[in-house]
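Colleague: Before I rely on this model, could you take me through some of its charged and nonpolar features, giving the reasoning behind each answer?

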Amino acid sequence: MQITETKSDGLSREFRVALPASEIEEKISHRLKEIARTAQLPGFRPGKVPVSILRKRYGHSVMGEILERAVNDSSQQALSEKGIRPAMQPEIEIDTFKDGADLEYTIAVETLPEIEPVDFSTIKLERWVTETDNKAVHEALKNLADANKSSLPVTSNRKSKSGDIVVIDFIGRVDGEEFPGGKADGYQLELGSGSFIPGLEDRLVGVKAGDHVEAHVKFPDEYGAEDLAGKDAVFDVDVKELREAIPAAIDDELAKKVGMEDLGKLKEAIAEEQAREFNSLARMSLKRTLLDRLSERHDFEVPEKLVTREFESIWAQYEERKKAGEETDDGLSKDEQKEEFREIAERRVRLGLLLAEIGQRNNIQVDQDEINTAITKEARHPPGQEQAVVYGAAQVKP
């Protein structure tokens with residue numbers, strides 16, 4: 001096998017590889033002899049078919065098999081001999097090959113860069129620590145009591161105010177026609193909760209039981225039902241009853257309602273959860289700062305194809321989120337956005353290569369138990385999506 005380097009430009013390399021025809025023929029003959037041991041053809045006993053006949057019958061398919069294997073084996077050998085560490089799968093193009101002639105092909109490959117990590121003792125980081133915040137615990141208890149509140153009928157002759165619960169019958173119409181889901185009887189609406197179409201709750205502040213209200217409102221442009229989004233509507237509302245919201249008392253009974261032994265245990269649980277959330281945020285902040293420091297202290301060339309692949313992934317995700325209304329262009333042109341995302345892609349690739357190099361130099365191994373723990377931890381972050389996270393992780397091949 002003859003290997004000739006034809007290009008060396010930064011991380012890009014190209015090699016021309018020539019395999020002698022005699023080597024190809026030797027491999028073909030060996031493969032045909034293997035086939036002959038079990039081949040069965042009419043007129044011949046099993047395993048007694050002449051190689052010459054098998055060559056005529058199977059020569060073309062065997063040639064394809066041998067060429068593929070020869071190119072794969074020789075290309076790996078060529079890269080190993082040249083000390084090349086490919087960043088991605090090399091591109092191989094057959095240049096010349098004829099039956100009985102030498103096989104010549106070209107390998108185009110991007111190499112991994114030489115990376116020299118900095119002395120990590122020179123990197124200074126600050127890690128936040130948490131302390132129990134009694135005010136935050138009390139606020140959480142207050143919110144919990146509010147979520148478990150009850151209500152009592154208003155016995156005085158007063159008008160409704162924000163925070164009250166009005167029991168209503170209503171019918172909603174668009175262009176004079178009632179629309180699906182626009183009617184209900186005995187609906188309990190908390191004024192000021194923002195749970196109804198904007199404007200309707202405001203119209204029901206200052207009413208009494210027995211009042212009839214004709215409320216003119218407009219559905220938000222981003223309303224979930226496309227046939228109603230942005231349209232004007234009229235709601236005929238009959239106020240049946242006025243009730244006053246009564247927050248639950250912050251006591252042992254409230255704790256038992258939410259599955260805790262008593263109020264003391266509930267406070268401990270809230271404090272522990274707040275500490276976990278704070279520690280998680282602190283860890284994320286520490287990680288981001290560390291990555292920023294590493295990015296600032298390392299500047300080496302990165303394989304262009306790896307950057308392109310990462311950029312395409314980022315851009316595809318952005319397009320999907322934008323289509324779903326979860327992203328905006330922030331006033332940037334498409335070219336400006338792409339330039340910004342490409343910088344992000346290059347940073348990610350550089351940091352990924354750096355961390356891989358650090359892991360290899362320090363022989364850092366991650367076992368399956370650690371992977372499972374990380375997956376379980378990640379699954380807790382999007383409530384209701386735990387199975388999707390675990391299933392998605394299971395599809396990743398090592």
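Modeller: What follows is a set of questions and answers on salt bridges, surface patches and one loop residue, all from a predicted model.

Colleague: How many salt bridges are there, counting a side-chain nitrogen of Lys or Arg within 4 Å of a carboxyl oxygen of Asp or Glu?

Modeller: The criterion is a distance one, in which a side-chain nitrogen of Lys or Arg has to lie within 4 Å of a carboxyl oxygen of Asp or Glu. By this rule the count for the predicted model comes to 26 salt bridges.

Colleague: Which parts of the chain are linked by the pair Arg-31 and Glu-65?

Modeller: The closest N and O atoms of Arg-31 and Glu-65 are 3.1 Å apart, and the two residues form a salt bridge. The pair links distant parts of the chain, with the two positions 34 residues apart in sequence numbering. Arg-31 is partly exposed at 24% relative accessibility, and Glu-65 is likewise partly exposed, at 29%. The elements linked are helix 1 (residues 21–36), which holds Arg-31, and helix 2 (residues 51–81), which holds Glu-65.

Colleague: Is Asp-169, the partner of Lys-240 in a salt bridge, buried or exposed?

Modeller: The side chains of Lys-240 and Asp-169 meet in a salt bridge, at 3.9 Å from N to O. This pair also links distant parts of the chain, since Lys-240 belongs to strand 9 (residues 232–246) and Asp-169 to strand 6 (residues 165–174), 71 residues apart. The relative accessible area of Asp-169 is 18%, and the cut-off for burial is under 20%, so Asp-169 counts as buried.

Colleague: What is the distance between the closest N and O atoms of Arg-321 and Glu-327?

Modeller: Both residues are partly exposed, Arg-321 at 29% relative accessibility and Glu-327 at 27%. Arg-321 forms a salt bridge with Glu-327, and the closest N and O atoms are 2.9 Å apart.

Colleague: Which residues are joined into one network by salt bridges that share partners?

Modeller: The bridge between Arg-31 and Glu-65 belongs to a wider arrangement, in which shared partners connect salt bridges into one network. The residues joined in that network are Arg-31, Glu-34, Glu-65 and Arg-69.

Colleague: Is Glu-343, a member of the negative surface patch, exposed or buried?

Modeller: The negative surface patch is formed by Asp-329, Asp-330, Asp-335, Glu-336, Glu-339, Glu-340 and Glu-343. Glu-336 is placed in helix 8 (residues 334–361) and is partly exposed, at 41% relative accessibility. Glu-343 is also found in helix 8, and its C-alpha is 8.6 Å from that of Phe-311, although the two are 32 residues apart in sequence. With a relative accessibility of 53%, Glu-343 counts as exposed.

Colleague: What accessible area do Ile-364, Val-366 and Ile-371 have together?

Modeller: Ile-364 lies in the loop between helix 8 and helix 9 (368–379), and at 53% relative accessibility Ile-364 counts as exposed. Together with Val-366 and Ile-371, Ile-364 forms a nonpolar patch on the surface, and the three residues have a joint accessible area of about 270 Å².

Colleague: Which residues does Thr-111 touch, leaving out residues up to four places away in sequence?

Modeller: Thr-111 is found in the loop between strand 4 (103–110) and helix 3 (134–147). Its relative accessible area is 7%, so Thr-111 is buried. Not counting residues up to four places away in sequence, Thr-111 touches Leu-11, Arg-13, Ile-84, Arg-85, Ala-87 and Pro-303.

Conventions:
Residues numbered from 1 in each chain as written. Predicted model: local features only at pLDDT ≥ 70, side-chain atom pairs only at ≥ 80, totals over all residues. Heavy atoms only, no water. Patch = residues over 30% accessible without salt bridge, like charges linked within 9 Å, V, L, I, M, F, W, Y side chains within 5 Å. Areas by Shrake-Rupley, 256 points an atom, 1.4 Å probe, with all protein chains shown as cover. Lys, Arg positive; Asp, Glu negative; His and termini not counted. Charge placed at Lys NZ, Arg CZ, Asp CG, Glu CD. Helix = DSSP H or I, 4+ residues; strand = E, 2+ residues; numbered from the N terminus. Buried < 20%, exposed > 50% of the residue type's maximum accessible area, 1.4 Å probe, protein only. Contact = heavy atoms within 4.5 Å.
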